[in-house]
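Here are some questions about how the labels used for a structure are earned. Each answer sets a value beside a cut-off and concludes from the two.

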Amino acid sequence: DLESHLQRCQQLSVTILTDHQDLSNTELKTILNSTAPQQYRIRAKLRTYKPQKLYQSVKLHCSKCNSLREVPDGDDFDFILQGSAITAPNPELHNTSWYDSVMWTTQDQKQRKIAIHFVKHDEMLQQPEDTLLMIEGGTLKEVWKLTKRFKCVIPVRSTEDDLELLDLSAPFLLQGNIKYYGCKQCSTPKPIKSLSSIAAEQRPSWEPAEIAQVLGIELLQYIFIMKFTLVDGTGALNAYLFDY
């Protein structure tokens, strides 16, 4: 576990952090006064590291605008789903040439209307493990139930003319237990009917990157990022770990 490993590193008086045995040790002061890129071997202590909690190291990164974003928690998503459920599904948008729709009213006090649209291929429904569906009015619990059975789930809401994606603070696609997000800055969401082009393919694979592209979404990637502060008595150097 990385966290306990880092704590052990802090307790050691000296830690060798790089492995260039052919290089002699260079003081941090010299490195700080040098121009990059260079290759050095150092002996230093790990003074601090951020973030303190390992799960906080995972961020969402946009390769287009290079922005970093915190991964939203389930409460944020649930709040957006509840907000979208206020608008009842538009029956005029049900059962098109490329998806079949099912609608029902929940038995609880709220009597929510839920619509699920199953995307067809060659005018037929695919096996659940190959199916993409869109849901309107569902709760977080209901969405997760669907992801266990079907390949892809896209939360949507009705407009007068078409189904549309929710606010991009929410995941635009769920596949298994993975939530896929789009960059708010770089995305230009297109109408949901753009998905019909993938449904018309010979073998729709419903790959997240392809879905994002046809929907005008700039896909965010999960990345791992940490910052280490190293000291050796001559200076302090910040080192960053950044990886997909």
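UniProt positions are given here in the numbering used for this structure, and such annotations may be inferred rather than shown by experiment. The model is predicted.

Q: Which residues does UniProt list for "domain: Protection of telomeres protein 1 C-terminal insertion"?
A: The unreviewed UniProt entry lists residues 75-218 under that name. In the model, this span is 22% helix and 27% strand, and its end C-alpha atoms lie 23 Å apart.

Q: What makes lysine 59 and glutamate 70 a salt bridge?
A: A salt bridge needs a side-chain nitrogen of Lys or Arg within 4 Å of a carboxyl oxygen of Asp or Glu. The closest N and O atoms of lysine 59 and glutamate 70 are 2.8 Å apart, so the pair qualifies. Lysine 59 sits in strand E3 and glutamate 70 in strand E4 (residues 68-70), eleven residues apart, and the pair links distant parts of the chain.

Q: Why is lysine 59 called buried or exposed?
A: Buried means under 20% relative accessible area and exposed means over 50%. Lysine 59 has 15%, so this residue is buried. Its partner glutamate 70 has 51% relative accessibility and therefore counts as exposed.

Q: How many salt bridges does a search of the whole structure find?
A: The search finds five. Among them is the one between glutamate 142 and arginine 112, at 2.9 Å from N to O. Glutamate 142 lies in helix H4 (residues 140-149) and arginine 112 in the loop between strand E5 (99-105) and strand E6 (113-121), so this salt bridge ties together parts that are 30 residues apart in sequence. Glutamate 142 is partly exposed because its relative accessible area is 23%, while arginine 112 counts as buried at 15%.

Q: What makes aspartate 162 and lysine 193 a salt bridge?
A: Their closest N and O atoms are 4.0 Å apart, and the cut-off is within 4 Å. The pair is therefore listed as a salt bridge. Aspartate 162 lies in the loop between strand E9 (152-158) and E10, and lysine 193 in the loop between strand E12 (178-180) and helix H5 (196-199), so parts that are 31 residues apart in sequence are tied together. Aspartate 162 is buried, with 11% relative accessible area, and lysine 193 is partly exposed at 47%.

Q: Why is the pair of tryptophan 98 and tyrosine 99 called edge-to-face?
A: Rings pair if their centres lie within 6.5 Å, and planes over 60 degrees apart count as edge-to-face. A search of the whole structure finds two aromatic pairs. For tryptophan 98 and tyrosine 99, the ring centres are 4.8 Å apart and the planes stand at 85°, so the pair is edge-to-face. Both residues are buried.

Q: How do you know that histidine 61 and asparagine 66 make a polar contact?
A: Their side chains are joined at 2.7 Å, and the limit for a polar contact is 3.5 Å. Histidine 61 is in strand E3 (residues 58-61) and counts as buried because its relative accessibility is 4%. Asparagine 66 lies in the loop between E3 and E4 and counts as exposed because its relative accessibility is 57%.

Q: What is unusual for most residues about a positive phi?
A: Most residues other than glycine have a negative phi. Asparagine 66 has a positive phi of about 65° although it is not a glycine. Asparagine 95, in the loop between helix H3 (74-84) and E5, has a positive phi of about 55°.

Q: Which peptide bond before proline 37 is cis?
A: The bond that joins alanine 36 and proline 37 is cis, with omega about -5°. Another cis peptide bond joins lysine 50 and proline 51, with omega about -10°. Most peptide bonds are trans.

Q: Why is tyrosine 222 called partly exposed?
A: Partly exposed lies between the 20% and 50% limits. Tyrosine 222 has 31% relative accessibility, so the label fits. Tyrosine 222 is found in strand E13 (residues 221-231), and with Val58, Val71 and Ile178 forms a nonpolar surface patch of about 260 Å² accessible area together.

Methods: Residues are numbered from 1 along each chain as its sequence is written. This is a predicted model: local features need pLDDT of at least 70, side-chain atom pairs count only at pLDDT 80 or more; totals for chains, interfaces and linings use all residues. Side-chain values use heavy atoms; hydrogens and water are left out. Patches are made of residues with over 30% relative accessible area and no salt bridge: like charges are joined within 9 Å, nonpolar side chains (Val, Leu, Ile, Met, Phe, Trp, Tyr) within 5 Å. Accessible areas come from the Shrake-Rupley method with a 1.4 Å probe; for residues, only the protein chains shown count as cover. Helices (H or I, at least four residues) and strands (E, at least two) are DSSP runs, numbered from the N terminus. Buried means under 20% relative accessible area, exposed over 50%, partly exposed in between (1.4 Å probe, protein chains only). Rings of Phe, Tyr and Trp (its six-membered ring) pair if their centres lie within 6.5 Å; planes under 30 degrees apart count as stacked, over 60 as edge-to-face and the rest as tilted. A polar contact is a pair of N or O atoms within 3.5 Å; within protein, one must be able to donate a hydrogen and the other to accept it, and residues adjacent in sequence count only if both atoms are side-chain atoms.
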